[in-house]
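I am keeping short notes on this structure as I look things up. The entries follow the order in which I checked them.

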Amino acid sequence: MAIPISQVWTVASYVWKQKLKGVKRYPTVLMLEPLFRCNLACAGCGKVQYPPHVLKRMLSPEECFAAVEECGVPMVAIPGGEPLLHPQIVEIVNGLVARKKYVYMCTNALELKKRLHEFTPSKYLTFSVHLDGQREHHDYAVCREGGYDIAIEGIKEAVKRGFRVTPNSTFFDGTDPNSVRAHFDEMMAVGVEGIVLSPGYSYDKAPDQTHFMGRARVRKLFRAILSNRKKSWKFNMSPLFLEFLMGDRNYDCTPWGSPAYNIFGWQKPCYLLQDGYAGSFKELMETTKWEEYGVGSGNPKCANCMVSCGYEPTAVLDGFLSLSGFWGMVKGTFSTYKNKHAMKQLNEWGTHAPASLVQIANSNEILEETNA
Amino acid sequence: MSAEVLKYTREQVEALEIAPGTVHENLEGWIPELASDEDVRQALEKAFDYRGDVTLTLKSGQKIEAYIFNRIPGATLADSCVQYFTPSAPEKRKVSYADIARLEFSGKDRAAGKHWEDWVKAYNEKKAAGEKNIALVPDALE
């Protein structure tokens with residue numbers, strides 16, 4: 001695990017304070033979306049399908065700070081849209097850092113290199129760069145040739161200037177695990193702090209609704225990717241969440257763990273689903289019918305979800321609040337997850353020609369699921 | 001929402017190979033009949049899911065072009081409302097279901113024609129034509 005001790009301590013003490021106060025439901029990270037406008041036009045993106053007058057709207061810095069104070073989280077992720085298109089993003093980030101919040105500033109990095117001089121390196125600030133695998137995979141996924149090279153330039157410059165940087169990858173059906181593993185090698189060679197990854201989610205508003213993996217297929221893919229790890233790989237995620245993706249742990253969703261706040265208000269019930277909006281964080285927590293969401297609810301909209309915003313909070317709470325979870329976290333930090341069967345599957349996984357449509361090729365490939 | 005809950009068992013969910021996505025209706029240009037309370041509720045639920053602007057005509061005769069981002073259902077139409085943004089006003093606004101006489105899905109569906117296959121087809125055609133730096137660009141904001 002690559003997360004600095006000070007951050008781990010901050011989150012652990014926050015979780016324990018909530019437990020001691022008897023708070024039943026509390027968030028660990030706020031997904032703060034200051035705007036939906038983006039400078040990419042990724043096919044299938046479910047986050048930016050709005051009319052122009054909505055895309056032009058933005059949260060003010062004051063609205064961002066008020067939301068963070070209202071929910072009291074120790075960590076804030078700033079996704080979007082592309083946050084670097086917000087004219088006051090530096091003020092927003094500086095304000096959050098001044099409040100000692102651990103900020104994950106998500107970006108596709110198209111503007112990162114030329115904007116870096118406006119930011120100040122801090123243990124509280126991480127650039128989380130959207131990078132969906134190796135060059136051809138990423139460029140296909142974001143529908144822009146050359147996007148990978150620009151992002152890598154931004155990452156290298158950020159690392160050089162002393163910023164914390166984590167590449168953030170989403171994987172869809174047809175992903176080649178061998179290529180993902182090569183991507184990990186490339187990222188660690190560039191000098192990033194750790195890798196962040198997640199399976200894709202079928203956003204309700206996304207144009208494309210057909211290339212999302214079900215849970216069985218997610219486990220196969222991530223078992224192939226994450227077993228037999230190289231010691232050089234570091235992940236900026238809970239080891240228990242990665243074990244969940246591999247099928248080693250069963251977790252239920254914590255939909256209130258990563259609430260989303262944007263120009264519409266507090267999104268019900270979570271960052272991924274848009275089932276309405278609340279006017280305040282309190283209203284969100286008190287009026288959302290939580291029992292209707294998560295894998296255990298049977299809600300079809302939650303059926304394929306194994307995404308970090310719902311399941312990593314569960315893993316984090318397990319790791320900090322139970323002895324078995326804590327021990328699992330310690331073991332997971334140092335384990336390479338050796339697994340002969342997974343290695344065999346990895347070696348037998350279909351290889352793709354360089355010019356093939358990497359994100360969707362071989363989507364009918366069926367491999368045996370195993371926990372061996 | 002509640003009607004959809006418990007559609008899957010945990011075992012069924014865990015065994016899913018491919019996730020069934022949402023099937024979006026082609027609503028652009030549609031003018032639903034609002035004869036009954038249920039008609040109004042169903043139409044406004046679709047308007048909430050719609051990825052473009054709609055035009056609301058109120059019983060007062062006022063017309064509102066709006067992006068509906070929230071609906072708050074209540075026991076009666078008078079207790080229920082939609083929240084929306086208009087292109088010209090900065091603040092969130094709301095209107096009661098009971099005040100709405102007509103609904104038209106007048107704006108462009110912002111997700112239509114943006115499937116993965118559309119990108120793949122365009123990419124292959126441009127690549128075959130020898131184009132470089134192939135990319136999709138975001139829609140203009142004006």
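**Entry 1: helix 13 of chain A**

I looked first at the exposed residues of helix 13 of chain A: Leu323(A), Trp327(A), Lys331(A) and Phe334(A) are exposed on one side. I note that the model is a predicted one. On the other side I found Gly328(A), Met329(A) and Gly332(A), which are buried. These three cover an arc of only 100° around the axis, which puts them on the same side of helix 13 of chain A. In general, an α-helix has 3.6 residues a turn, so residues three or four places apart point the same way.

I then looked up the length. Helix 13 of chain A runs over residues 323-334, which is 12 residues. From first C-alpha to last it reaches 17 Å, close to the expected 16 Å. What do its buried residues pack against? I found helix 10 (239-246) and helix 12 (308-321) of chain A.

Beyond this helix I checked Tyr337(A), in the loop between helix 13 and helix 14 of chain A. Its phi is near 55°, a positive value in a residue other than glycine. Tyr337(A) has 16 other C-beta atoms within 10 Å and is partly exposed.

**Entry 2: helix 12 and helix 1 of chain A**

I followed helix 12 of chain A to another partner. Helix 1 (residues 5-21) of chain A packs against helix 12 of chain A at an angle of about 80°, and their axes are 10 Å apart. The two helices are therefore roughly perpendicular to each other. From helix 1 of chain A, the contact uses Val11(A), Ala12(A), Val15(A), Trp16(A) and Lys19(A). From helix 12 of chain A, I listed Val316(A), Leu317(A), Phe320(A) and Leu321(A).

**Entry 3: the sheet of chain A**

In chain A I traced an open sheet of nine strands in the order 6-5-4-3-2-1-7-8-9, with mixed pairing. Strand 6 (196-199) and strand 9 (274-278) of chain A each have a single partner strand, so one side of each is left without a neighbour in the sheet. The twist from one strand to the next averages 25°.

At one edge, strand 5 (residues 164-171) of chain A pairs with strand 6 of chain A in the parallel sense over four bridges. Ser169(A) stands opposite Leu197(A) there.

Next I took strand 2 of chain A. Strand 1 (residues 29-32) of chain A runs parallel to strand 2 of chain A and is joined to it by three bridges, with Met31(A) opposite Ala77(A). Strand 2 and strand 3 of chain A also pair in the parallel sense, over four bridges, and Met75(A) has Tyr102(A) as its bridge partner. Which way do the residues of strand 2 of chain A point? Met75(A) and Ala77(A) point one way, Val76(A) and Ile78(A) the other, and all are buried.

Helix 4 (residues 89-98) of chain A lies across strand 2 (75-78), strand 3 (102-107) and strand 4 (125-130) of chain A. Helix 4 runs at about 160° to strand 3 of chain A.

**Entry 4: backbone exceptions in chain A**

Most residues other than glycine have a negative phi, and most peptide bonds are trans. I looked for departures from this. Gly80(A) and Gly81(A) are joined by a cis peptide bond with omega of about 10°; Gly81(A) sits in the loop between strand 2 and helix 4 of chain A. The bond from Lys268(A) to Pro269(A) is also cis, with omega near -5°. I placed Pro269(A) in strand 8 (residues 265-269) of chain A.

Cys143(A) has a positive phi, near 60°, and lies in the loop between helix 6 (135-141) and helix 7 (147-160) of chain A. Cys143(A) counts as buried because it has 23 C-beta neighbours inside 10 Å.

**Entry 5: helix 9 of chain A**

How many residues of helix 9 of chain A are buried? I found 11 of its 12. These buried residues pack against several elements of chain A, including strand 5 and helix 8 (177-190), and against helix 1 (10-14) of chain B.

**Entry 6: the sheet of chain B**

Chain B has an open sheet of five strands in the order 4-3-2-1-5, with antiparallel pairing. Its edge strands are strand 4 (93-96) and strand 5 (100-104) of chain B.

Technical notes
Residues numbered from 1 in each chain as written. Chains lettered and ligands numbered in written order. Predicted model: local features only at pLDDT ≥ 70, side-chain atom pairs only at ≥ 80, totals over all residues. Pairing = 2+ DSSP bridges. Axes fitted to C-alpha atoms, helices over the stretch in contact; angles between N-to-C directions. Contact = placed C-beta atoms within 7 Å. Expected span 1.5 Å × (residues − 1). Buried ≥ 20, exposed ≤ 12 C-beta atoms within 10 Å, placed from the backbone. Arc of directions from axis to C-beta. Parallel < 35°, antiparallel > 145°, perpendicular 65-115°, else oblique.
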